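User: I have this model open and would like a close look at a single part of it. Could you take me through the part that the record marks out for DNA, and then show me how it fits with what surrounds it?

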Protein chains: 2
Amino acid sequence: MSENKPKFRRESPELRREQLIEATLRVIARKGVSAATVREISAEAGVAFSLIRHHFKTKEDLMCAAYAYHMQKMAQLSLSSATDQTRPLADRLRQCIKDTLSPPVTNGAALQVWAGFIQMVPHDARMKQIHRDTYLGFRDTLEPLIAEALTANKTPWDPRLVEHKAIACNAVLDGLWLEGSMLPDMLPAARLIEVAETTLFAILDLPLATAPIDIPT
Amino acid sequence: MSENKPKFRRESPELRREQLIEATLRVIARKGVSAATVREISAEAGVAFSLIRHHFKTKEDLMCAAYAYHMQKMAQLSLSSATDQTRPLADRLRQCIKDTLSPPVTNGAALQVWAGFIQMVPHDARMKQIHRDTYLGFRDTLEPLIAEALTANKTPWDPRLVEHKAIACNAVLDGLWLEGSMLPDMLPAARLIEVAETTLFAILDLPLATAPIDIPT
DNA sequence: GCCTTTGTTGTACGTTCGTACAATAGGGGC
DNA sequence: GCCCCTATTGTACGAACGTACAACAAAGGC
């Protein structure tokens, strides 16, 4: 009978912090923000609840870290192929549309997490900063694509027109993401992508391929 | 010294319920859902906190009522002029755009309330029903306008095309509402309306008036 | 193999939450 | 003007919350 079974594992602060953050996001996704207590989160992570305060000064700190982590992951999943200059513009655009409007980005759980954090934004300066940075990062990634599309289309443009169209494209994607996440059985990914492609290509005056090309995942 | 000053006023259940609902919405808008406790809400309404349980069986019941109340008010503010058949189509559309993307609909506080409720939707069947009804009501109001625009434009259409365009228009408005509510100083109402008009009229193939007409509020 | 470091646990405390219930009092019906 | 109904109040209770702190133990340095 071996008695050298350790009661717990020591992990590096970085790894443990990430585990706690991901446990937080899972709890919020599954049961909502109000259920994301330190006890529930630590149970999800499989540690004692008092450990949270060793890695995060307050619970609010954990929430901020989780918000930044979640938004960064979403933005990366959405726009990872936007800057891949080896592929033609239309391909990149369609890939971004597909990535944004398919799971796991367009997803009820992800929306839950996002909505939970959004309502904290006005009451916490750090949350506000994270939110602003995320939104601007998204738009800053989108704008070069818009400019490239207008140039390819020989449409004369100035920064204001690009920003105008970036706002519009962003709004279409945000709106479809929202509705597709909330009502997945009414608006399946294929429908969302179809609407987004039609609308975005119309906004950008790009020719719309009639038959969908094969987009690698 | 008059001593006949009453300690409180008796109100009808209907009025008191509405007062409590509106107090709930004010608290959520100001301090977030987590601060919307029965004590905070009743203080906002100027009554004893135990009164809430006399008019609402549980706090969850109050939240559901407040959610339905809020969404109904938002939808009404947004689309009140959609069915006014005495005005030309383009006017009605532009009025809806303006109403949707200006305060008090596009508004940080309204977004806070909405986000707070949204994260309750997956965990409560009644909330889910309210949400579904609101969304479908919005789209059902929008679709006749789309169909009318296509007809006026002599574009042949079937229900699927109308639905497609309704989803797109809805997404544009939702997305702009979202971003305008979150970042009002970066996206003022005038900008949102400009983008929405351009995009929606493009989706519907309607001629866009170059100079903004005077839209009554 | 011991020692130091610190990641980890368990317990305890004060606060605030939603709920329950008996007592009070406003106000319309008669 | 009295009485009944019930809207309203005040107090109390158990549960769960975030936080604080001392004791324990895993794991690398020597």
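Analyst: Happy to. Let's start with residues 37–56 of chain A, where the chain is 60% helix and 0% strand and the end C-alpha atoms are 14 Å apart. Please keep in mind that this is a predicted model. The choice of that stretch comes from UniProt, where an unreviewed entry annotates residues 37–56 of chain A as "DNA-binding region". The unreviewed entry also has a wider annotation, "domain: HTH tetR-type", covering residues 14–74 of chain A. Over residues 14–74 the helix share is 75%, strand is again 0%, and the end C-alpha atoms are 21 Å apart.

Now for the DNA itself, beginning with strand C. Which residues come nearest to it? Of the 27 residues around DNA strand C, the nearest are A:Arg16, A:His54, B:Arg10, B:Arg53 and B:Lys59. Sugar and phosphate make up 57% of the strand C atoms that come within 4 Å of the protein. Several contacts to phosphate can be picked out one by one. In chain A, a backbone N or O atom of A:Ala48 is 2.8 Å from a phosphate oxygen of DNA strand C, and a polar side-chain atom of A:His55 is 3.0 Å from a phosphate oxygen of that strand. From chain B, a backbone N or O atom of B:Val38 also lies 3.0 Å from a phosphate oxygen of strand C. As for the elements involved, those giving two or more residues to the surface near strand C are α1 (13–31) and α3 (52–55) of chain A, together with α2 (38–45) of chain B. By class, the residues of that surface divide into 10 nonpolar, six polar and 11 charged.

Next comes strand D. Here 26 residues surround the DNA, and the closest are A:Arg10, A:Arg53, A:Lys59, B:Arg16 and B:His54. Among the strand D atoms within 4 Å of the protein, 58% belong to sugar or phosphate, and the rest to bases. One base contact is worth finding on your screen: an N or O atom in the side chain of A:Arg10 is 2.7 Å from a base nitrogen of DNA strand D. On the phosphate side, a polar backbone atom of B:Ala48 is 2.8 Å from a phosphate oxygen of strand D, and a polar side-chain atom of B:His55 lies 2.8 Å from a phosphate oxygen of this strand. The elements that give two or more residues to the surface near strand D are α2 (38–45) of chain A, along with α1 and α3 (52–55) of chain B. That surface has 10 nonpolar, six polar and 10 charged residues.

With the DNA side in view, let's step back to the whole of chain A. Its secondary structure comes to nine helices and zero strands, and its C-alpha atoms fill a box of roughly 75 × 40 × 35 Å along the principal axes. Two loops are worth a stop. In the loop between α5 (89–101) and α6 (108–118) of chain A you will find A:Pro104, and the peptide bond from A:Pro103 to A:Pro104 is cis, with omega near 5°. Chain B also has a cis peptide bond from B:Pro103 to B:Pro104, with omega near 5°. The other stop is A:Lys154, in the loop between α7 (125–152) and α8 (159–182) of chain A; this residue has a positive phi of about 60° although it is not a glycine.

Finally, how do the two chains meet? In this model, 43 residues of chain B are in contact with 44 residues of chain A. The area buried between them is about 3,800 Å², with carbon and sulfur atoms giving 62% of it. B:Gln119, B:His164 and B:Arg191 supply 15% of the area that chain B buries against chain A, more than any other three residues. The interface also has six salt bridges; one pairs A:Arg132 with B:Asp185, with the closest N and O atoms 3.5 Å apart. On the side of chain B that touches chain A, at least two residues each come from α1 (13–31), α6 (108–118), α7 (125–152), α8 (159–182) and α9 (189–203) of chain B. Of these, α8(B) gives the most, with 14 residues. By class, this side of chain B has 21 nonpolar, 11 polar and 11 charged residues.

Methods
Residues are numbered from 1 along each chain as its sequence is written. Chains are lettered from A and ligands numbered from 1 in the order in which they are written. This is a predicted model: local features need pLDDT of at least 70, side-chain atom pairs count only at pLDDT 80 or more; totals for chains, interfaces and linings use all residues. Side-chain values use heavy atoms; hydrogens and water are left out. Contact means heavy atoms within 4.5 Å. Buried area is the accessible area (1.4 Å probe) that two parts lose on being put together, summed over both. A salt bridge is a side-chain nitrogen of Lys or Arg within 4 Å of a carboxyl oxygen of Asp or Glu. Helices (H or I, at least four residues) and strands (E, at least two) are DSSP runs, numbered from the N terminus. Ala, Val, Leu, Ile, Met, Phe, Trp, Tyr, Cys and Pro count as nonpolar, Asp, Glu, Lys and Arg as charged, and the others, Gly among them, as polar. A residue is near a molecule or strand if one of its heavy atoms lies within 4 Å of it. A polar contact is a pair of N or O atoms within 3.5 Å; within protein, one must be able to donate a hydrogen and the other to accept it, and residues adjacent in sequence count only if both atoms are side-chain atoms. UniProt positions are given in the numbering used here, feature names are shortened, and annotations may be inferred rather than shown by experiment.
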